[in-house]
Amino acid sequence: MRALAVTTEARSDVLPDLPTVGDSVPGYEASSWYGIGAPRSTPPEIIEKLNTAINAGLADPKIKARLADLGGTVLAISPADFGKLIASETEKWGKVVRAANIKAE
């Protein structure tokens, strides 16, 4: 088996010589991500405390190295930016679902 491209927007640090699909299909990007959410009623000071602790953990060289070994890229962002990411991804994949006429079974 031979890899042809990665689906992320940028080339992978693990496979730097492998092009992105976007190099051939402009605008193409598909990647998975993980995040931690809290109930909407969570007080802002608790959200900030959690965000600070989580981002500190993600900055730890051992954690960063392990995630890189797994092909992951750390994206330590603010709660507001995470909300924007969720909204953007929901809009992007909602268009795909509607265009493909995908229905829940």
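Which residues does V74 touch, not counting residues up to four places away in sequence? Select V74 and show its surroundings: L58, K64 and L67 are its contacts, where contact means heavy atoms within 4.5 Å.

Before going on, a word on what is loaded. This is a predicted model, in which local features need pLDDT of at least 70 and side-chain atom pairs count only at pLDDT 80 or more, while totals for chains, interfaces and linings use all residues. Residues are numbered from 1 along each chain as its sequence is written, and side-chain values use heavy atoms, with hydrogens and water left out.

**Stop 1: V74 and its loop**

Stay on V74 and color by secondary structure. V74 sits in the loop between α2 (61-69) and α3 (79-99). Helices here are DSSP runs (H or I, at least four residues; strands are E, at least two), numbered from the N terminus. V74 has a relative accessible area of 26%, so it goes down as partly exposed. The cut-offs are under 20% for buried and over 50% for exposed, with partly exposed in between (1.4 Å probe, protein chains only).

Now try two distances from the C-alpha atom of V74. To the C-alpha of K62, 12 residues apart along the chain, you should get 12 Å. To the C-alpha of I63, 11 residues apart along the chain, the separation is 9.3 Å.

**Stop 2: I63**

Click on I63, which lies in helix α2. I63 is partly exposed, because its relative accessible area is 36%. Leaving aside neighbours within four places in sequence, I63 is in contact with G57 and L58. You have met L58 already: V74 touches it too.

**Stop 3: a nonpolar patch**

Switch to a surface view and select I36, I46, L50 and I54. Together they make a nonpolar surface patch of about 340 Å². Patches are built from residues with over 30% relative accessible area and no salt bridge, joining like charges within 9 Å and nonpolar side chains (Val, Leu, Ile, Met, Phe, Trp, Tyr) within 5 Å. The areas come from the Shrake-Rupley method with a 1.4 Å probe, and for residues only the protein chains shown count as cover.

Pick out I54 from that group. It belongs to helix α1 (residues 44-59), and I54 counts as partly exposed because its relative accessibility is 32%.

**Stop 4: along helix α3**

Back to cartoon, and select α3. Does its span fit or miss what its length predicts? At 1.5 Å a residue, the 21 residues of α3 should span 30 Å, and its end C-alpha atoms are 30 Å apart, so the two agree. The expected span is 1.5 Å times one less than the number of residues.

Next, show F82, E89 and G94, which are buried in α3. Turn the view so you look down the axis: the buried residues of α3 fall within an arc of 135°, so they line one face of the helix. That arc is taken from the directions from the helix axis to the C-beta atoms. On the other side of α3, look for K84, R98 and A99, which are exposed.

**Stop 5: salt bridges**

How many salt bridges does the structure hold? There are five, each being a side-chain nitrogen of Lys or Arg within 4 Å of a carboxyl oxygen of Asp or Glu.

- Select E29 and K92: their closest N and O atoms are 2.4 Å apart. E29 lies in the segment before α1 and K92 in helix α3, so this pair ties together parts that are 63 residues apart in sequence. Both count as partly exposed, E29 at 22% relative accessibility and K92 at 24%.
- Select E91 and K95, whose side chains meet at 3.6 Å, N to O. Both lie in helix α3, four residues apart, about one turn of the helix. Add E89 to E29 and K92 in your selection: salt bridges that share partners join these three into one network.
- Select R11 and D23, with the closest N and O atoms 3.5 Å apart. R11 and D23 are both in the segment before α1, 12 residues apart.

**Last stop: N101**

Finish at N101, in the segment after α3. N101 has a positive phi of about 55° although it is not a glycine. With a relative accessible area of 52%, N101 is classed as exposed.
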